[in-house]
Amino acid sequence: MVETHRAYVCTKQLQQARVGNAFVLPQEACHRFVRVLRLPCHTPVALFDGTGLAVYGKLNTQATPVCLTHIRLQQNRRPLPHIYLAQALSRPSKLQEVVRCCTQLAVQRFIWFHSSRCTHTPADIGLKQLQHLQRIAQDAVRQSQQWHTPDMQGPVAFDDLVAVCKTFDGLRIMGDATADIWLSTHLQHTHVKQQTGSVNKALIIVGPEGGFDNSQKQALQNAGVVCVRWAPFVLRTQLAGAVALAALHSVLRSS
């Protein structure tokens with residue numbers, strides 16, 4: 001399968017594309033195709049806006065301005081399962097790593113939250129930081145050949161996270177190095193118990209590097225969250241979510 005080069009374009013601009021008409025490339029997409037990738041004229045490319053809308057066409061570098069011709073539109077559905085990742089606040093560089101890795105593993109929503117042992121507070125994560133995380137997610141979607149950019153919620157207080165857990169109508173798990181059940185075992189048991197062949201919705205909770213204190217752990221368990229062990233060894237907070245997602249995909253794809 002030949003990879004189609006892709007570029008992100010905002011929804012408002014992408015919705016202007018029409019079959020039968022040339023579509024003038026926005027500046028950033030033009031820069032990527034022409035300056036960065038140096039694609040020749042008539043190369044097939046694709047544009048996406050993160051909502052599932054895809055515009056396919058052939059690059060016309062001889063036109064002024066550069067445009068796409070032979071337009072084809074496609075609306076892609078979000079894949080199952082719908083995966084949410086609730087991640088405790090930490091250094092911005094660690095959050096960037098979480099977004100980069102976990103977006104490629106099909107997370108559909110990140111929920112940033114603050115708990116008692118977090119090293120950073122919501123005040124440390126400003127609008128510019130959140131916008132930067134969104135751009136990292138867009139690039140990860142492009143690289144992994146997906147069509148949907150994940151949503152980002154928060155930063156929220158711990159009590160707000162508990163409220164989300166109480167109303168969440170799917171699989172709810174959190175990492176706990178002292179738990180009696182392994183993540184893989186719990187996922188396999190849940191998968192078989194469903195008898196439908198899939199888990200349609202999952203919420204994975206990754207706590208701070210120091211873990212949750214006892215009262216917060218109990219609050220999450222009371223909200224229906226199951227404590228599991230990610231691995232036989234201690235994982236850094238920026239890696240734990242990716243491990244859980246890989247295990248989840250492995251169980252769901254094995255049937």
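I started in β8, where I found V156 as the bridge partner of F113. This is a predicted model, so I keep that in mind throughout.

**The parallel sheet**

I followed that pair out to its strands: β7 (residues 109–114) and β8 run parallel and are joined by five bridges. Next I looked at what lies against them. Helix α3 (residues 92–104) packs on the sheet and touches β6 (82–88), β7 and β8. I noted its direction at about 155 degrees to that of β7. Helix α7 (residues 214–222) packs on the sheet too, touching β9 (171–175), β10 (201–206) and β11. Its direction makes about 165 degrees with that of β9.

Then I wrote down the whole sheet. It is open, with six strands in parallel pairing, and the order reads β8-β7-β6-β10-β9-β11. The edges are β8 (151–157) and β11 (226–228), each of which pairs on one side only. On average, neighbouring strands here are turned by 20 degrees against each other, ignoring direction.

**The antiparallel strands**

I moved on to β5 (residues 67–75), which runs antiparallel to β2 (residues 23–24) with two bridges between them. Here V24 has C67 in β5 as its bridge partner. β5 also pairs with β4 (residues 53–60), again antiparallel, over seven bridges. I found L53 opposite Q75 of β5. A hairpin of six residues connects β4 to β5.

**Confidence**

Last, I checked pLDDT. The chain mean is 89, with 94% of residues at 70 or more. I marked residues 192–197, where pLDDT stays under 50. For that stretch the model has three contacts beyond four places in sequence.

Notes: Residues numbered from 1 in each chain as written. Predicted model: local features only at pLDDT ≥ 70, side-chain atom pairs only at ≥ 80, totals over all residues. Heavy atoms only, no water. Pairing = 2+ DSSP bridges. Helix = DSSP H or I, 4+ residues; strand = E, 2+ residues; numbered from the N terminus. pLDDT = per-residue confidence, 0-100. Contact = heavy atoms within 4.5 Å. Axes fitted to C-alpha atoms, helices over the stretch in contact; angles between N-to-C directions.
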